[in-house]
Every structure is written in C-alpha cells, then in structure tokens.
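Here's a quick tour of one protein structure, put together for a first look. Keep the sequence and the 3D view open while you read.

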Amino acid sequence: MCQTRRNPWHPVDRGFGLNWYFVAFLFLGLHFVNGDVSYSIPEELKRGSVIGNIGKDLGLGTTMSSRKARIDTEGSGKRYCDINLSTGDLIVVDRIDREGLCGKKASCVLKEELLLENPLELHRISLHVNDINDNSPQFSDDLISFEIRESADKGARFSLTEAHDADIGTNTVQSYTLQRNEHFTINVDTESAGRKRSELVLVKELDREQEKEIQLLLTAVDGGSPQRSGTVVIHVTVLDANDNAPVFSQTVYKASLPENSPLDTVVVTVTATDADEGVNGEVTYAFDHVSGENSNIFSLNPKTGEVRVAGSIDYEEESSYEMQISAKDGLGLASYATLIIDIIDANDNAPVIYFNSLTNPIPENVSPGTEVGIINVQDADSDNNRQVRCSIQQNVPFKLVPSIKNYYSLVTTGQLDRELVSDYNITVTATDEGSPPLSSSKSVQLSVADVNDNPPVFEEQSYGAYVTENNKPGSTLCSVTARDPDWRQNGTVIYSLLPGEVNGAPVSSFVSVNGDTGVIHAVRSFDYEQFRSFKVHVMARDNGSPPLSSNVTVSVFITDVNDNSPQILYPAPEGNSFMTELVPKAAHGGSLVSKVIAVDADSGQNAWLSYHIVKSTDPGLFTIGLHSGEIRTQRDISESDSMKQNLIVSVKDNGQPSLSATCAMYLLISDNLAEVPELKDMSHDENNSKLTSYLIIALVSVSTFFLTFIIIILGVRFCRRRKPRLLFDGAVAIPSAYLPPNYADVDGTGTLRSTYNYDAYLTTGSRTSDFKFVTSYNDNTLPADQTLRKSPADFAEAFGDSNGSPEVRIGLN
C-alpha cells in the first residue's frame, strides 16, 4: 500500500544572484514493510519543517510520549530529524545537504530509526533526499588556454574543460554556449552516463599575422529552474601546427585499495602517448577535476602518471573514488581518461556501545527479570566485520537479553539487597566477527536505591545504668545505640521513651532520652531511700515510610550515698527534758548500765554504726560497746566515785565522709531516791557555772553593798522556792514504741532488746522517798535502764496531794 502527500517547500537561496527559486510540490511516499517507513523530501529544508506525521502513519496514536519514542541514527550518530511527541510530527532539526551527504550518487537515502519502549519496538525510517538546483556550474580553472597552430584545419576540435555542477539529474550541466566569434563554435556531446562533453570547433582558419590571440567566453548552463550558469575565459594563442593529441592506453582505469593504506602507496599508473615529437610530444598528467573533499586524498605525478596515496583512506568515509585525469602535450592538446578506485574494507572499527534508558538507581525490591536498561551496539565496518556479540561479566545479578537488531535489554537475574551491595559496576563487552576480531568495553555504575526493610537493632539486648543518689537533674545516666543498615532517612534512628510508670509517676518525670544521640538523662534527683532501681523502655524508630522500630529495656540502679546522719532514738538528743539513769552502788564491773539506740537511713557500710564515749566525768568508770551501744561499768563502783556521772556519746556511721550524732547521758550512782541530789542541778551544772561567772562579774561591777545585798536576798528566796521541785523537773522519758518509718530492729544496730522494770516509791514533799531496784530479766546485766519521766506539770500534780503516796512504775521495752 502506498500513500502520497503534497507539501510546498520553500527553496533556499544559495547566493548565486538568483532572487527566487521554483516552488515545487513534494510527493511524500509512505509505505510499510516490516515496520519500515519512507519519506521523500527535498534537500535544504528549513529547521522545524514537518516531514510527515509518523505517529499517524505508523498507527501509534497518542502512545508515543508514554513509550518514550525517540529517533536514533546509525553510523556517525548525527541526527537530521526528530519527533514531536505531542503531535507525532517528524521534523527537520539540522541542515540536509544532499551534495554533502551523497555527492554524485543518484540515490541519497538517510536512514533513521524510531525507537519505542514498553515494549521495545523499532521502526526504520528512510529519508530519500531529492536534489534541488542549489549549485551553479563551475569550471575548475578561471582560464582555459589553447595554443593552436595557424595551420589547423577547418573543423579541428579542441576539448574543453568540463564544467561541474554538484547537483544531479536535470539540475546538473545541460548545455554550453560560446561567445559569438568568427573562428570558433562549440559542439556538445552527451555521453552514456549523461555527462556533457564540450569541444571547441574551428570553423574558420586562423591567421597568426592577423590575430595572434583570441579571447572567448564559455558559459555552462544547468537545467534547473531557475537556471544557474558558470563562465570561463578561453584564451587562444595562435601557434604553428600541433596535430596530435596525447592518447591514453585505457579509457577507464580501475584499481582496488585497502583502507588505511600507508601514505605514498602507488595505486595505479596511467600512461598516454603523443605521436608528435619534441615539445609537442611531451605529455603532462593532471587531475581534471577533483572535489575539494578528495583533493588531498591522492596525488598524481605529472611526468610519470603514478597515482599515490596522499591522505587517509577510510572505507567508512568513502567506499570508492572516481576521478578524471587529463594528458596534455606541450602545446596544449589534451585527452582524458577516467580513474575508478574501489576501497576494500578492513576491520578497523571496534564496536561502539551506547547505554539507553537506564534505570538508575534501581529499587532494591525489584523482582528478578525486570528490565533496567537498553543497550545499543554499532560497528561502522561492513559485512562480517560489523557482526557483533555482546556480553557482561558473570558475577553480577544482571544479564543481557538480545532484542531487535543490535539492541539488548539489561535485566535483573536475582534479588537485590542494598545493605549487601549498594553499587554494581556493569561492564559490557562487544566483539565483532572480523579477522582479527575487535572488541570494546564500556562500564556503567548502577546504584541500588534503598527500601526501608530493616528495623533499627540495638547493640545490646538490655542496658544497665548506675547512678548515685542526689544526682543533679540533667546528668547523663547512659547511652543506648541502635544501628539501621538502611540509607539516609530509612537509616536515621530516632530514640524515644515508651509510656510507663515508676512508683505511680510517669517515667518521663524521671528520665529523658535524646532523640538523636540516644543519651539518657536524669530529669530529677534520685533518693536511694525512696527507691533503689527502676526500669524504662526505650524505642528506636527509623524515618522510613512506613517506619520500623525496636525496643530495649534500660535498668537504672541507684547507689547509696552517705547523706543521712545517724538518728539517735534513745536517749533523746535534744529537747527540754534530759535522761537520767540510776546506777546501784553495788554494781560490779561489766554490768549493763544503759544503752544508746540509733539508726541510719542509709544502707550498706553507710549504715554501719559505731559508738564512742567522747567525754565523761570519770573516763575509767564506764565503757560503751563499739557496735552495740551498750554502756557498761569497767570496774566495780567505789564510794569515792562521784554520784553524778555525765557521758557524751558520739554515734558515727561508716560512710565516706563519715557522719555522726551525739547525745548526753546522765547517770546517778545511788541506791535510793533519798540520796539523789537535785536533778536539775545536774542538768544545769554547766549553766549554773556560767551564771556564777556572770554573778561574780555583776558583784564586782556593783559598787554599793545595798545592791549586792538585794541580789543575795532575791537569790536565796528564789532558790528556796525551787528546791522542792528540783528532784523531778526535767525528767526524761524513753520513747516507748517510736521508730522512724522504714527502720528495722536488727541485731547489732543499736536497738535495745531486753526489758527492765523499776519500782519507785515517792512520798509527797519528801526528798527521801525509797527507790526500789528490781533485777533484770537478763542475769548478766545490771538493770540500769531506769528513767524518771516527768514534766513540771505532772509533778506539780503529784506533789500537790500531800495525803497520797503515789507509786510510779517506769518500764523500758
């Protein structure tokens, strides 16, 4: 089936003095042969001119854009046309000069390829370039010289230099005209190949005496529309007769030459002979007309007729050469021969590899068999020299699948994993079938695009953090680290705390985690005495879509700091009351007198308590257990010992640095209350000594006896009023069942285990009441835990009733 279209084309002004060209109708022939399409176009179309709608002609519809349609060119790769994907029009994108592309060839065909993807489809496009009359006839020389003897016969013929027109067909030289003159006319013959050969014909004998030189103007006219012409001047010098022109041994010389032949290689030798003698028989050889492109390819020895290689011979540039050689004698008679040189192809071009439509990067989750690129291999040689085999290396998950003509599809053969291999260096090797074969390689680096297929993984299954109590808020506890082998945002790890509670409070009120570094900080100061450890759960999440995460448990252990001083439970270290213990005079050495009870809220060695007597009335009389706090006599009590014994006891823990607390213990050596002096005097001995000092100073400062007497009288009266109440004022009670919360009664920590009972018989208003001592439940201890507990109000009530004799039982458990 054949379709024909007509389109007007505007000719191109070549600058030869013609102001217009003919406007011709172009017949575009379109036919389909196995997906091939052909168009006929004139040369020198303007860029952007529409050749035809290839989308409609091939029935591709509107799929050209989605299938990534494009034009590929064989050979050098220079592209003269392109496709408008939106309209399907095939348009001109570069100058198409038929003479430059095909020279004198009768047929000039540009071969293009239309390539479509999804699926891969190839259509060959043949552009038949038609000649337009854009070249004027030209003579190789500006001047043609003849030396003609005056004896030349009428009708003598002299060959003229042929005018050459780069166009073909009717657009080439069609006729010659000679300036009107009386001696010469012109004869034009048409050869078998259609070439016009002109001769100068002598129509009237020459007379050298009348005219030595003749100037004529020769005009060559082509058959184009409008016509173009070229001129040359013929200069005739009238000489004596030269009646024989050189004669070539062959009319046509043919030679074969391998491409890439070295310079100065002899191609052929042409010979011509001249029957004349002397100067008239000397033959000189020259190229009659050689195009500018081929003028430097061959050289001709003007004397010997040897044709040698003078330039690069490349079969891919030109497969054959045709040249005219002239042989002239000394007086200008000439003859002509044709030289045809066929170039033999050599396998001198390695295959060229082109990567088209590469998918880069490739997602790592693509399925095996996915097409990731198209490879085109071209070889500029001919026949077997251009047959190509293509392959890639074996250690990659890709392979080449032959497609159309010299196209290959690059497809995957296995599953890709970016975490194992992130880049592949694919090397494609192409080898032709020449002798020897040539090969080339080309590499391309394919990257594997990351897919979020790996969750963050912590470096450890669990973490432990140790922090001392009383830490500063914001201090670093530990650091958790999770690794994600994915790339960029898929491998970016963000840390956060999972919701939870510690002792009923949100975990976020205890610790915080840096979302970028995984460093865990304390939000508050911890107290070992409140809780000793807790657990938090940290989540590591990547930034992929969807995000992946993993969790880890962090155990926080709080270590104790010696921040609590020992607390003395008995005797009370401070207050308005003081503790007094009665020690029998018959107490023996080693008898238990009393016991200091203390606890420490810390733990471990920070809670190990030791007891020391730092000050005592009689240092050798009492001792205290280093760890028990039990106060015992070191020896038997003697009559010489002071009745009032004061002990200052220090309780120290074993922390670093050590903390301590002190208490005062007041002991009375007596068997009954009648012998007991004023208790307050004991408690206020030190204060009274200070008061005495003040009184002495006051007495010295008072200058009058009257003031001194008044002070003494008031002092005596004051002392008398206070004496009946001194025995019980400030009595101190042992705490019966008080222990601070979280304290435990443990052996060796200072708690008192044994129970002591005391009976006291008091008579109102009497200072000689009996005090009954009862033995302890422990046989080896002295029942010295005797405490008088009273407040001034209590004893005021007791002594206010003179008729009763109350009995007071004091017990220490």
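**Cysteines to start with**

Cys 108 has a relative accessibility of 2%, so this residue counts as buried. Keep in mind that you're looking at a predicted model. From here we'll go through the cysteines, the core, a surface patch and some charged pairs.

**The disulfide and other cysteines**

- How many disulfides does the structure hold? There's just one.
- Its partners are Cys 102 and Cys 108, with sulfur atoms 2.0 Å apart.
- The link between Cys 102 and Cys 108 is right-handed, with 65° about the S-S bond.
- Cys 102 is buried too, because its relative accessibility is 14% and the cut-off for buried is under 20%.
- Two further cysteines to look up are Cys 81, buried at 1% relative accessibility, and Cys 390, buried at 17%.

**The largest nonpolar core**

- A bit of background: in soluble globular proteins, nonpolar side chains tend to be buried together.
- The largest nonpolar core here has 29 residues.
- Which of its members touch the most other members? They are Leu 477, Tyr 495, Val 511, Ile 520, Phe 526, Phe 534 and Val 554.
- Several strands each supply at least two residues of this core, among them strand E35 (462-468), strand E36 (476-479), strand E43 (533-542) and strand E44 (549-559).
- Zoom in on Ile 520 and leave out residues up to four places away in sequence: the residues it touches include Leu 477, Cys 478, Val 511, Val 538 and Val 554.
- Ile 520 also touches Ser 475, Thr 476 and Ser 512.

**A nonpolar patch on the surface**

- Not every nonpolar residue is tucked away: Phe 705, Phe 706, Phe 709, Ile 710 and Leu 714 form a patch on the surface.
- Together, these five have about 560 Å² of accessible area.
- Where does Leu 714 lie? You'll find Leu 714 in helix H5, which covers residues 705-726.
- Is Leu 714 buried or exposed? Its relative accessibility is 52%, so Leu 714 counts as exposed; the cut-off for that is over 50%.

**Salt bridges**

- Side chains of opposite charge can pair when their charged atoms come close.
- A search of the whole structure turns up 20 salt bridges.
- One of them joins Asp 36 and Arg 124, whose closest N and O atoms are 3.7 Å apart.
- Asp 36 sits in the loop between strands E2 (24-30) and E3 (37-42), while Arg 124 is in strand E9 (residues 121-130), so this pair ties together parts that are 88 residues apart in sequence.
- Both ends of that bridge are partly exposed: Asp 36 at 22% and Arg 124 at 36%.
- Lys 78 and Asp 94 meet in a salt bridge as well, at 3.8 Å from N to O.
- Lys 78 belongs to the loop between strands E5 (70-73) and E6 (81-83), and Asp 94 to the loop between strand E7 (89-92) and helix H2 (98-102), so their bridge ties together parts 16 residues apart in sequence.
- Lys 78 is partly exposed, with a relative accessible area of 42%, whereas Asp 94 counts as buried at 18%.
- Glu 630 and Arg 632 form a salt bridge with an N to O distance of 2.9 Å.
- Glu 630 is partly exposed at 22% relative accessibility, and Arg 632 is partly exposed at 23%.
- Glu 44, Arg 95 and Asp 97 are linked in a network of salt bridges.

How values were computed
Residues numbered from 1 in each chain as written. Predicted model: local features only at pLDDT ≥ 70, side-chain atom pairs only at ≥ 80, totals over all residues. Heavy atoms only, no water. Core = buried A, V, L, I, M, F, W, Y, C linked by side-chain atoms within 4.5 Å. Buried < 20%, exposed > 50% of the residue type's maximum accessible area, 1.4 Å probe, protein only. Helix = DSSP H or I, 4+ residues; strand = E, 2+ residues; numbered from the N terminus. Contact = heavy atoms within 4.5 Å. Disulfide = S-S within 2.5 Å. Patch = residues over 30% accessible without salt bridge, like charges linked within 9 Å, V, L, I, M, F, W, Y side chains within 5 Å. Areas by Shrake-Rupley, 256 points an atom, 1.4 Å probe, with all protein chains shown as cover. Salt bridge = Lys/Arg side-chain N within 4 Å of Asp/Glu carboxyl O.
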